[in-house]
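Reader: Got a minute to go through this one with me? I'd like to start with the basics.

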2 protein chains.
Amino acid sequence: MRKYVPLSGILWAFLADTKVDVSQPPVETLGALLPAGRLITDPDAMDAYARDQTYAAPGKPAAVVLARDTADVVTVMKWARQHLVPVVPRGAGTGLAGGATATDGCVVLSLARMTAIQEIVPQDQLAVVEPGVITADLDRAAREHGLMYAPDPSSHEISTIGGNLATNAGGLRCVKYGVTRDSALGLEVVLAGGRVIRTGGRTVKGVTGYDLTGLFVGSEGTLGVITAATVRLRPAPADAPVTVLASFGSLTAAGAAAAAIMGAGLRPSLLELIDRATLRAIDDYRRIDLDADTAAVIIAQTDGPECPAAELVRHCEEAGAEFAAASTDEAEAAALLEVRRMAYPAAERLGNCLVEDVCVPRSRLPEMMERIERAAARHDVRVMTVAHAGDGNLHPLFVFDRGLTGPPPPVQAAADEIFTAAIELGGTLTGEHGVGVLKRPWLDGEFDPDTLAVHRQIKQALDPDGLLNPGKAI
Amino acid sequence: MRKYVPLSGILWAFLADTKVDVSQPPVETLGALLPAGRLITDPDAMDAYARDQTYAAPGKPAAVVLARDTADVVTVMKWARQHLVPVVPRGAGTGLAGGATATDGCVVLSLARMTAIQEIVPQDQLAVVEPGVITADLDRAAREHGLMYAPDPSSHEISTIGGNLATNAGGLRCVKYGVTRDSALGLEVVLAGGRVIRTGGRTVKGVTGYDLTGLFVGSEGTLGVITAATVRLRPAPADAPVTVLASFGSLTAAGAAAAAIMGAGLRPSLLELIDRATLRAIDDYRRIDLDADTAAVIIAQTDGPECPAAELVRHCEEAGAEFAAASTDEAEAAALLEVRRMAYPAAERLGNCLVEDVCVPRSRLPEMMERIERAAARHDVRVMTVAHAGDGNLHPLFVFDRGLTGPPPPVQAAADEIFTAAIELGGTLTGEHGVGVLKRPWLDGEFDPDTLAVHRQIKQALDPDGLLNPGKAI
């Protein structure tokens, strides 16, 4: 079993490989290069920028820069190269893998104040945005033109497009509309050292050169800092969403229903599975009249004629649903979806939470859920699982004592078993949250040494001094 | 104006930068390492493997290897590194950019005999294939399970999946189902020197590590040789296709119809535009009763309820179509599409052809078509244009004298203007054919020096000796 802690050891081992100057960097010289109001060095003020939503313990940054434009980012990157200071880019800090965790002596580079929606071009169904734009704000701006921005991570009301791009964020709708990478057409990126490049463009097709857009998306700030993005918008669905809720006496039946829906070529705009433990927590939180026999619930939504709600209901019933029904109006559609949204608040009432994020081939979903339950039982830890069932992406959520600052050894042991199981089932450590610092110890379970080496060769080529978000992602 | 010729000069300039041994390589030593029947050194027999479907003049390969498995590819790559011999990978040689053109003294590495469909996994909607599988064969095999393999380059009956992946091939259906990269889940790749890596996997989501799958797809054999691919299959459409044909008195009206269809959020499974010159050539070839006033035709197809044929017809009529109608049965649907498929044969009757491949933001399509006509008129060359209108991807097709081995200076000059125009309109040199050798002289029109440098840093990191398909793509 590999351990979550001591992470600081991992970080230092990595830093030892880089040419980072860990003596006090002359941050005053950086402040002198930036317009007023950009640099923070007050330790208390810096605290808010040193971590994301995980328990990963941050180091002490030398400074925080609140960039307002690409020029600020270039200034930071040139200065950082000159003084060999690591740079930790961040958006809103809603990450769930420790990807934005500050390291000792680093400059935290916040893009959260670059909030301009520079263009919306309805006729080409695209927008050009700065990285600090809030995800849901872009979606709302697009709706004014009859369009939508499809990616919708659960944090979409507080997360930024830049952070979504850095982690290739998923969400509920990606079962129909794809993940963040599928909506990225082009990027402006500032490289280590301050060079600015432009990848991709404004066309929906294009094969000139390598897919650098796809490479930077999901690279967790380790290859460059995204300072602008051209993203794909899509026509907003004409139909009001209809939600289908179905309850099942077994996980296997619920998994079979999800498989049948996807196998039939229906395109639900979301397809979620909630296990018994989660349902009980939700029922304790807000009475949902849970039947004692219910082992799992499927919540699906459709937003178009290619996926009739009646077909979703039929597939659930044929798979053995005890109950299955479609919403009859928009209010009911929203209310049924609310059951899914209550999962995290219901869990957080019970203690501190570790949210995991494995993904398996769709057909292995029921097996993966059993493996999660077995691992939790073996280590006597409390686990609740919700899954983006249409994508095979599961979020086992471990609840542990509120007095602890991080997951205790039994939770770590159960998580370790879950990662191993996901890889055994042909899956991956992380479907949409990223590797960050938290999953780095497991990388060599997913990649063979030569494949991992290629990642590091690319990192070395673009960031030879190892300054960009050291100790993250790869 | 940059020139198409002398290409050999460009190649040699590139080779001069690499550590390639241009003295006679000891191919006998390679033959001794491979199983019998893999190595060809007879010059006449090698000719068929030295070029693709372009007029790009090939060099003289030292040998051709017909690989049967990954081990053969590893053997070639190890031997090539040892002797510093360039390797030019190829599939079926249907490329349209010179990407598979042999260079003097190289080993041509054909993957065309690695033809196994290793797995079709209906429950996970994926297949694992060797690179030599013919694209249409995979689609047919998937249909036996109610699934389809969506990417359909025009060459799909003769092209290979490996070649499609290397060039990120498009096709007619990609307006609905995406390009080849969108169907690539994971790869086995042999790197320069013979290391074997595995990228991606069997899940539809996954964010562990960089998007190496996306990076190798479209890299035209310059970063590694794809020896297996896990590709996404999709449920085959339940509805029989319906084809809509509409004729217009102006290009602008036809462009407006295409824009209206895409803007309405309809999802046609293809959306093609054919200009007057092409229509006349088709009419001369096989009488299609072309009206003298027709300036352009739109051919669209739908395969699902989210895109009613009547809506396609309505948008064409509202945009000013002189005639618009939907097919009433499958035979008629196929017959109407046949008009589109006749474009290339009709052109080839008239002389030698240079097929170009620019792509612009959708809204700029009519403007790009005008720029093409103006460029052709200015240089007094014959051009016919068909466009994947839903994607903004245009194929201007220049016809020139059959006695010439390559496009004459006026055609080159017109093509040069077209590339410049595409970039001015926010577009790209190549939407789906690739850069190969033919478009390389224009790369610095599309990329600024720093962006181009990043491409070359990645190439250098993965292929430091410059052995893999030198002089192509970047």
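Author: Sure. One term up front: buried means under 20% relative accessible area. This is a predicted model, and 62% of the 474 residues of chain A count as buried.

Reader: OK, how many helices and strands are there in chain A?

Author: Chain A has 17 helices and 18 strands. Its radius of gyration is 22 Å, close to the 23 Å that the globule rule gives for 474 residues, so chain A is as compact as a globular protein of that length.

Reader: And what does the C-alpha trace span along its principal axes?

Author: About 65 × 55 × 40 Å for chain A.

Reader: What about contacts in chain A, what share comes from residues 24 or more positions apart?

Author: Such pairs make up 74% of the contacts with a separation of 6 or more.

Reader: Switching topic: which domain does UniProt place in chain A?

Author: The unreviewed UniProt entry puts an FAD-binding PCMH-type domain at residues 57–236 of chain A. That span is 22% helix and 25% strand, and its end C-alpha atoms lie 41 Å apart.

Reader: Now the two chains. What rotation superposes chain A on chain B?

Author: A rotation of 180° with 0.0 Å of shift along its axis, at an RMSD of 0.0 Å. The two copies are thus related as by a two-fold rotation axis. In chain A, the C-alpha nearest that axis belongs to Glu306(A), 2.6 Å from it.

Reader: Why do you say the copies meet through the same surface?

Author: Because 100% of the interface residues of chain A are also interface residues in chain B.

How values were computed:
Residues numbered from 1 in each chain as written. Chains lettered and ligands numbered in written order. Predicted model: local features only at pLDDT ≥ 70, side-chain atom pairs only at ≥ 80, totals over all residues. Heavy atoms only, no water. UniProt positions renumbered as here; feature names shortened; annotations may be inferred. Helix = DSSP H or I, 4+ residues; strand = E, 2+ residues; numbered from the N terminus. Least-squares fit on C-alpha atoms with pLDDT ≥ 70 in both. Contact = heavy atoms within 4.5 Å. Rg over C-alpha atoms; globule rule 2.2 N^0.38 Å. Buried < 20%, exposed > 50% of the residue type's maximum accessible area, 1.4 Å probe, protein only.
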